[in-house]
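Work through the exercises below with the sequence and the model open. Each task is followed by a solution in steps.

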Amino acid sequence: MTGPDEQRFAALARELATLDGVTTPSAEGRRRFGSDALKSDGHIFAMLSAGRLVVKLPRTRVDELVASGDGERFDAGRGRPMREWLALDPGSPLPWSRLAREAYAFVHG
């Protein structure tokens, strides 16, 4: 069963699947790192982690969003927050689509 966050991410994946070079999460049985992520030419730019949208953005943009209270630097479980990754706060009013498109533009170049 999927929850509302997974459904929201699935809708986002369908929306962005039309962008150049984007691959969406696969329905494969194997689960490995990045298998549930949106990628541009093989590079992850957005994913869902613990019910939060996580996006790759320029460090200065992440700093700005952290300072505004819209999220925090993403920690992949290694005890070190990643400078170019933002975990969006669930209460943030920022639209997922806009942030994911911003991340796509950053990664896609």
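**Exercise 1.** Which residue of β6 does V54 stand opposite, and how many bridges link the two strands?

Solution. This is a predicted model.
Step 1. Find V54 and look across to β6: the residue opposite is A87.
Step 2. V54 falls in strand β4, which covers residues 52-56; β4 and β6 pair in the antiparallel sense over 3 bridges.
Step 3. Turn to the β5 side of β6. A87 is the bridge partner of E72 there, and β5 and β6 are antiparallel, with 3 bridges.

**Exercise 2.** Which way do W85, L86, A87 and L88 point from β6?

Solution.
Step 1. Sort the residues by direction: W85 and A87 point one way, L86 and L88 the other way.
Step 2. Check burial, for which the cut-off is under 20% relative accessible area. All four of these β6 residues are buried.
Step 3. Set this against the whole chain, where 36% of the 109 residues count as buried.

**Exercise 3.** Describe the two hairpins that involve β3, giving the residue with positive phi in each.

Solution.
Step 1. Take β2 (residues 37-40) and β3 (residues 43-49), an antiparallel pair with 4 bridges. Across this pair, L38 stands opposite A46, and S40 has H43 as its bridge partner.
Step 2. Inspect the turn: 2 residues lie between these strands, and D41 takes a positive phi near 50°.
Step 3. Move on to β3 and β4, which are also antiparallel, over 4 bridges. Here S49 stands opposite R52.
Step 4. The hairpin of β3 and β4 likewise has 2 residues between its strands, and A50 in the turn has a positive phi of about 55°.

**Exercise 4.** In what order do the strands lie in the sheet, and which strands are at the edges?

Solution.
Step 1. Lay out the open sheet of 6 strands: the order is β1-β2-β3-β4-β6-β5, with antiparallel pairing.
Step 2. Pick out the strands that pair on one side only: these are the edge strands, β1 (22-23) and β5.
Step 3. Add the helices. The chain has 3 helices and 6 strands, and along the sequence the pattern reads α-β-β-β-β-α-β-β-α.

**Exercise 5.** Where is R80 in the chain, and is R80 buried or exposed?

Solution.
Step 1. Locate R80 in the loop between β5 (71-73) and β6 (85-88).
Step 2. R80 has a relative accessible area of 63% and is therefore exposed, the cut-off being over 50%.
Step 3. Look at the surface around R80: together with R59, R78 and R83, R80 forms a patch of positive charge.

Definitions and conventions
Residues are numbered from 1 along each chain as its sequence is written. This is a predicted model: local features need pLDDT of at least 70, side-chain atom pairs count only at pLDDT 80 or more; totals for chains, interfaces and linings use all residues. Side-chain values use heavy atoms; hydrogens and water are left out. Patches are made of residues with over 30% relative accessible area and no salt bridge: like charges are joined within 9 Å, nonpolar side chains (Val, Leu, Ile, Met, Phe, Trp, Tyr) within 5 Å. Accessible areas come from the Shrake-Rupley method with a 1.4 Å probe; for residues, only the protein chains shown count as cover. A salt bridge is a side-chain nitrogen of Lys or Arg within 4 Å of a carboxyl oxygen of Asp or Glu. Lys and Arg count as positive and Asp and Glu as negative; His and the chain ends are not counted. The place of a charge is taken as NZ of Lys, CZ of Arg, CG of Asp or CD of Glu. Buried means under 20% relative accessible area, exposed over 50%, partly exposed in between (1.4 Å probe, protein chains only). Two strands pair if DSSP finds at least two bridges between them.
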